[in-house]
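Trainee: Could you take me through one part of this protein in detail? I would like a close look at a helix, and then an account of the strands and of the protein that surrounds them.

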Amino acid sequence: MGEFVLKMPDVGEGVAEAELVEWHVKPGDPVREDMVLAAVMTDKATVEIPSPVSGKVIWLGAHVGDTVPVRAPLVRIETAGEAGEPPADSIPEALAEAVLEEPLAAAPAPVKEDARPKPDRSAVRETPRPRQAPDVSAKPLASPAVRLRAKESGVDLRQVAGTGPAGRITHEDLDLFISRGPGPLPAQIGLVRKTAVEEVKIAGMRRRIAEKMSLSTSRIPHITYVEEVDMTALEDLRATMNRDRKPGQQKLTILPFLMRALVKAVSEQPGINATFDDHAGVIHRHAAVHIGIATQTPAGLTVPVVRHSEARGIWDCAAELNRLAEAARSGTATRDELTGSTITISSLGALGGIVSTPVINHPEVAIVGVNKMATRPVWDGTQFVPRKMMNLSSSFDHRVIDGWDAASFVQRLKTLLETPALIFVEG
């Protein structure tokens, strides 16, 4: 028999380590080539690590939640072959010795062998297979996003049949299970006192969000400015453009108009489109406008970045925004697509409320929050008239942005949105 040592791969340029967010195997499990072994996360981007060989897992090098350096041993797999045969991608000798000296210290707690027969996974993925009843004795294969959705929906993934590679449960499988329902629930016989306490470890995406929010609020003194905007003219223009759009063009929401207005406003106030290195005491004013769009996903809040918005027309902004939002929600966005923004828009859509206090996306210096639009009576000097009104709640780093500058910036946005033709005026 031979042995293959899988090391933590290089998951992105400049990335020295990644957090292990999920194991899909345990010691003793058989694996096949390309079967997903684990999922790691860096900058909110989840990367699945497949097995390059077939064999049997004999050692895991980290616990869920651990930070694993690139090139560190991650999994050891026993492979078919002659005894003593050197693995094709074995670790260096010195490192191998270190691994052998302390496998038990780094390995997860021993897992009791299940006396029940284990499912034979060797035939998985060879041919398309019909939907099968799930094996409730095994940990199901699913991405972190699917697991989070299942948890939030109260679904036991062991009851869901997976149709993905190696029986992996997809979003579609979960949607189908939810739409069909798990079957009739037992009749409620009265109110019952509940005393259980569930401990949920903060890991993966939620830990990244917690760290980023703590960093932002601990390092940045926020000032938040709220202004109401009459969106009636822009809504009329948007309806006309959507009605006349070309085949294949994305339907316009408010966000592409706001992105274009943002580009125009920051060109007149470059100090707003900036990042602040407070350790070095340097403000970086960026010519490029890389707009982060705070997006709610099944796994949590993430911020895909529409790069070079200054060079995109409104339809291009809409298309790129839609592409990135889908990638973020499906968990396929890359690290480069989730980093490098110079200013951020936060929107809760129809749930946007009246006012919000958006947290600046560190190390940026400004964030624009979009609140819910509603028809309100507005006094025009002689009578009340119905107008489509929306509030903008914007926060600024008060160390580098004065209140006057913040107000001037928001007032400029208000002017552009209330007179949308100005958004398209060159210069």
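Mentor: Let us begin with helix α7, which covers residues 254-268. At 1.5 Å a residue, its 15 residues should span 21 Å, and the end C-alpha atoms lie 22 Å apart, which agrees. The expected span here is 1.5 Å times one less than the number of residues. Helices are DSSP runs of H or I with at least four residues, strands are runs of E with at least two, and both are numbered from the N terminus.

The model is predicted, so local features need pLDDT of at least 70 and side-chain atom pairs count only at pLDDT 80 or more, while totals for chains, interfaces and linings use all residues. Residues are numbered from 1 along each chain as its sequence is written, and side-chain values use heavy atoms, with hydrogens and water left out.

Helix α7 is mostly covered, as 13 of its 15 residues are buried; buried means under 20% relative accessible area, exposed over 50%, and partly exposed in between, with a 1.4 Å probe and protein chains only. At the N-terminal end of α7, T253 acts as a cap, with a side-chain oxygen 3.3 Å from the backbone nitrogen of L255.

Turning to the strands, β5, β4, β2 and β7 form, in that order, an open sheet of four with antiparallel pairing. Two strands pair if DSSP finds at least two bridges between them. Strands β5 (45-50) and β7 (67-69) stand at the edges with a single partner strand each, so one side of each has no neighbour in the sheet. From one strand to the next, the twist averages 40 degrees; axes are lines fitted to C-alpha atoms, and angles run from 0 to 180 degrees between N-to-C directions. Within this sheet, β2 (residues 17-23) and β4 (residues 36-42) are joined by four bridges, and L20 stands opposite V40 in β4.

Further antiparallel pairing involves β6 (residues 55-60), which two bridges join to β3 (residues 30-31). There, V31 has G55 in β6 as its bridge partner. Strand β6 also pairs with β8 (residues 73-79) over four bridges, again in the antiparallel sense, and R76 in β8 is the bridge partner of W59.

For the protein as a whole, the secondary structure comes to nine helices and 18 strands. Of its 427 residues, 42% are buried. Among contacts (heavy atoms within 4.5 Å) with a separation of 6 or more, 66% link residues 24 or more positions apart.

Note on methods:
Polar contact = N/O pair within 3.5 Å; in protein donor to acceptor, adjacent residues only side chain to side chain.
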